[in-house]
Amino acid sequence: MSAKAISEQTGKEFLYKYICTSAAVQNRFRYVNVTAETDFERLARDHPWLLVERLVVKPDQLIKRRGKLGLVGVNLDLNGVREWLKSRLMKETTVRHPPSPCLMFPRQLTPFESVHFDEEFYVCIYATREGDYVLFHHEGGVDVGDVDAKAKKLLIGVDEKISEDSVKKELLTHVPNDKKGVLASFIVGLFNLYEDLFFTYLEINPLVVTKDGVYVLDMAAKIDATADYICKAKWGDVEFPPPFGREAYPEEAYIADLDAKSGASLKLTLLNPRGRIWTMVAGGGASVVYSDTICDLGGVNELANYGEYSGAPSEQQTYDYAKTILSLMTREKHPDGKVLIIGGSIANFTNVAATFKGIVRAIRDYQVPLKEHEVTIFVRRGGPNYQEGLRVMGEVGKTTGIPIHVFGTETHMTAIVGMALGHRPIPNQPPVAAHTANFLLNSSGSTSKYILLTWYSVSICNCFPFPVAKATTLFSKHTKSIVWGMQTRAVQGMLDFDYVCSRDEPSVAAMVYPFTGDHKQKFYWGHKEILLPVYKNMSDAMKKHPDVDVLISFASLRSAFDSTMETMQYPQIHTIAIIAEGIPEAHTRKIIKTADKKGVTIIGPATVGGIKPGCFKIGNTGGMLDNILASKLYRPGSVAYVSRSGGMSNELNNIISRTTDGVFEGVAIGGDRYPGSVFTDHVLRYQDSPGVKMIVVLGEIGGTEEYKICEAIKQGRITKPVVCWCIGTCATMFSSEVQFGHAGACANQASETAVAKNKALKEAGAYVPKSFDELGDDIKSVYDDLVAKGVIQPAEEMPPPTVPMDYSWARELGLIRKPASFMTSICDERGQELIYAGMPITEVFKSEIGLGGTLGLLWFQRRLPRYACQFIEMCLMVTADHGPAVSGAHNTIVCARAGKDLISSLTSGLLTIGDRFGGALDAAAKQFSKAFDSGMLPMEFVNKMKKEGKLIMGIGHRVKSINNPDMRVQILKDFVKQHFTSTQLLDYALDVEKITTSKKPNLILNVDGFIGVAFVDLLRTCGGFTRDEADEFVEIGALNGIFVLGRSMGFIGHYLDQKRLKQGLYRHPWDDISYVLPEHMSM
């Protein structure tokens, strides 16, 4: 949702902080909030003005007409406020009919201003498609009455500026002359504030003007929440209160937080937490359809929630969403048990199986309480890989014992609601739909009866005549497009559609992606590979492809406005589809104004796009190729449709193909309050298109665009049959306001309700079913009548060409297999949480295993004892560095001073590690282990090595000796002797040291040798490894890894040290080099 109501306190804070006006705004920041927990004594100390001012107290809960309802206490002192609150605070109060319980919490205290009647004014600013209206009435206050009829109005068009002169002339005609200047300045400042902070509604009543200045007494406001990325610095963290009449729940806030952090859409509204009917529906449009059907079948009082998940949420996101709902519905038992409806339309691009994995996980986690609460689950879904999703869902029902009834696209979308509520039988063996992999046309005809889904839409209320269509034909077999954004999957889907439609050339001429340089991107055209150009700049793409007239924008909500405005600079572009959801409404209205001037048709924002069978499709519209074929979208039919919902458009394609000869064209205009094109733009195009014989419109609660269709039918502008249904009929049955999935799906007056619009459409002559369930029947009835009259002559079905399945998708479906190029057993990053050797990263930190434990997981694939982890960390510490003179550090320093980067310098140092420097850990471990395991005495081992002329690895030091011991070795020895269960190999090495030091004092067991032999003892005796496993780790070089890892820390330190000291290029001095030349060349 975009326009969200804010509390009066928040609205006033914005006004006081940021309004720019010459009028003196008086009561700035003079308010406090009072709750049931408020300490009034402390409140008075913190705000001394409360003890000396007369006060006003009122609830700050989005309640209208608080004064008339007796919810405002005026002219009270602080004690009077406390008394007034005793009977009201945290008490339920019925404030309208039907009863809406409202907990009086929180309350706001402000100074009381004593004013005369002639000092009170009313001012309101609200947004419409064509601009922003400023309403003003010279008599404000609680008795203002019908301001729409009384108030003066001034329309400030999109991108136009307000002036004090226009305000005085149009609005202030009944205001005393001495107050016109102050009021005009304030209203201009208020309007500029309204624009700058992206308000969509701002009402002040009363606004009081005295000789001292302007007083803002009561305020109601809404802001465009999608503009948060623009206004964050001024807004701060805005808390949006729950709609009037409904309690706020922490679970709603939790899902809202998930939604804010996700590119997907996650919504949850609790209606009746004790209800027995719960829903988990995919898609904004589908969620409304299911709610409508539940209410139509008498379940309104038992409907527990409204919500939706869409936009391809991840497995973890659907798990979090599902577990929240399952947790809520299993807190209180219902005598009749409970039902959970997991529904949805046919998805366009969401991998159904992937999202169902999260739901299945949640069901498994809650299987015990689900059975205790006698929950029955009904599932209906379609879309990419839905068969696998349904199979997994059915399996979890069998394994857990929870009754789960699973249905696919063969079943009407809301049929499961009738089953769940006992209005229709549950089939024992539902028909099996074709597999997602079936890319050949299914020959099993479209003769089966199919009930159509509800399609919904929203439009803006205005009084302008219905528009003349900009162009009758948007797309043809020769349409060429540019795709903005690196959406390779969507582009490949368009090319596959082109191929099965037997187009001569691909419909995508090029792509634009500002974040890379110009290059070519590989795609498939049928069986062969082709290259499409990708440009960094829009101008280059337009110059090189003058035949392009459509742009499909996958730009993000932050960049969609700028990229769209840039696109409209090129006259060759006639149609733009904007996919992004969440574009601020002010930006959308500027796009619309520019498009109208230039004759450009905008589809979107917040849409999947549209499709013209046999000609062109936008992005992911129509879903996977199997759905394209099953819905016969590769050739034109006779029915054109327009809707709001992108998710439902795929369902509609399927239904029309089963009840008629198919779709001629379909457009989803998008769910925002101000779609770029409206219903009549497309309905009039269809009226003027000879190939269209009947029209389907799926309207929605909110807006008045459907009334333009009524007028067009009455005036004879539309003569073709129109089948229309507006969804959202359930809204009138709810006791509190519910914001549905689309931003525009909200009725602000009675005429905007779905019920009112359905009635008007029927009276105008449109075919309007009695309910959503009968929409498909009406479409079939109208179609059959047109066929009988000869208006439609169904053509003979011709099979389309076959298209190979992409390898990646075939593998996703489990149709093929191939050996993996790599194997790994230590880490898995594919899920929501990183896993080290089977341990989730959160558990790694919770267990506090440290760096040593992490190394144990990644190197040895097991969790090591605490002392082993500590020993590993000690080894890393003692091997971290040994000064700048050793070869590795020296090389690192020389490279750093030569201007090389960190990686190059570090690598230079690491390359010196070997048997002579640092690489003795493995060699020492192997030599000592072999000697010990063979039963050789220490003296025999020393003599053998001497006889063979080999050095004993790990013995000897250039500086340290038996008389000057290496403290690193001593520290490690003390720890090992205290914590290791056995040190047989270490003891053997120490016996060898006694022999070697007796010959030469510096032939000590050095730190490399000590770590090598101690690590062998650790691997053999800690209980985590077999003898063979321990020997294998020594053999493959694991111990040298300890030195490499530890010494890397030191090498990096030396690199940073040289850079910090700004040391120049190193050149070795001549006097430290012995030049040995042939005698005849000697000086």
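Two strands count as paired here if DSSP finds at least two bridges between them. Keep that in mind as we walk through this predicted model, starting with a pair that has exactly that many.

## The six-stranded sheet and Lys612

Strand β27 (residues 610–612) and strand β30 (residues 663–668) are joined by two bridges and run antiparallel. If you want a spot to look at, take Ile611, whose bridge partner in β30 is Gly666. Both strands belong to an open sheet of six, in the order β28-β27-β30-β29-β31-β32, with mixed pairing. At the edges stand β28 (616–617) and β32 (722–727); each has a single partner strand, so one side of each is left without a neighbour in the sheet.

Now have a look at Lys612, which also lies in β27. Is this lysine buried or exposed? Its relative accessibility is 9%, so Lys612 counts as buried, the cut-off for that being under 20%. What does Lys612 touch, once its neighbours within four places in sequence are left aside? The contacts are Thr473, Phe475, Phe497, Phe664 and Glu665.

To get a feel for distances in this model, jump from Lys612 to Leu340: these two are 272 residues apart along the chain, and their C-alpha atoms are separated by 37 Å.

## Around Leu340: a parallel sheet with helices

Leu340 sits in β17, where it stands opposite Trp278. Strand β17 (residues 338–342) is joined to β15 by three bridges, and the two run parallel. They are part of an open sheet of four strands, ordered β15-β17-β18-β19, with parallel pairing. The edge strands are β15 (277–279) and β19 (404–407), each of which pairs on one side only. From one strand to the next, the twist averages 15°.

Two helices go with this sheet. Helix α10 (residues 315–329) lies across β15, β17 and β18 (375–380), and runs at about 165° to β17. Helix α13 (residues 386–400) packs on the sheet too, touching β17, β18 and β19, and its direction makes about 165° with that of β19.

## Back to the start of the chain

Strand β13 (residues 219–224) has partners of its own. Strand β1 (residues 3–6) is joined to β13 by four bridges, with the two running antiparallel, and Ile6 stands opposite Ala221 in β13. Strand β11 (residues 199–210) also pairs with β13 in the antiparallel sense, this time over five bridges. Here you can pick out Ile204, which stands opposite Met219 in β13.

## Salt bridges

How many salt bridges are there? The count comes to 36. Here are some of them, with the distance from N to O:

| Salt bridge | N to O distance |
|---|---|
| Arg42 and Asp46 | 3.9 Å |
| Glu315 and Arg361 | 3.5 Å |
| Asp785 and Lys789 | 3.1 Å |

Start with Arg42 and Asp46. They are four residues apart in helix α2 (residues 40–46), so about one helical turn separates them. Arg42 is exposed, at 52% relative accessible area, while Asp46 is partly exposed, at 49%.

Glu315 and Arg361 make a salt bridge between two helices. Glu315 lies in helix α10 and Arg361 in helix α11 (residues 352–365), so this pair ties together parts that are 46 residues apart in sequence. You have already met α10: it is the helix lying across β15, β17 and β18. Glu315 is partly exposed, with a relative accessible area of 33%, and Arg361 is partly exposed with 29%.

As for Asp785 and Lys789, the aspartate counts as partly exposed at 33% relative accessibility, whereas Lys789 is exposed at 59%.

Salt bridges can also link up into a network, as Asp933, Arg1020, Arg1027 and Asp1031 do.

## A nonpolar patch on the surface

Which residues make up the nonpolar surface patch of about 480 Å²? They are Trp1070, Ile1073, Tyr1075 and Leu1077. Trp1070 lies in the segment after α37 (1038–1060). Why does Trp1070 count as exposed? Its relative accessibility is 61%, and the cut-off for exposed is over 50%.

Note on methods
Residues are numbered from 1 along each chain as its sequence is written. This is a predicted model: local features need pLDDT of at least 70, side-chain atom pairs count only at pLDDT 80 or more; totals for chains, interfaces and linings use all residues. Side-chain values use heavy atoms; hydrogens and water are left out. Patches are made of residues with over 30% relative accessible area and no salt bridge: like charges are joined within 9 Å, nonpolar side chains (Val, Leu, Ile, Met, Phe, Trp, Tyr) within 5 Å. Accessible areas come from the Shrake-Rupley method with a 1.4 Å probe; for residues, only the protein chains shown count as cover. A salt bridge is a side-chain nitrogen of Lys or Arg within 4 Å of a carboxyl oxygen of Asp or Glu. Buried means under 20% relative accessible area, exposed over 50%, partly exposed in between (1.4 Å probe, protein chains only). Axes are lines fitted to C-alpha atoms, for helices over the stretch in contact, and angles run from 0 to 180 degrees between N-to-C directions. Contact means heavy atoms within 4.5 Å.
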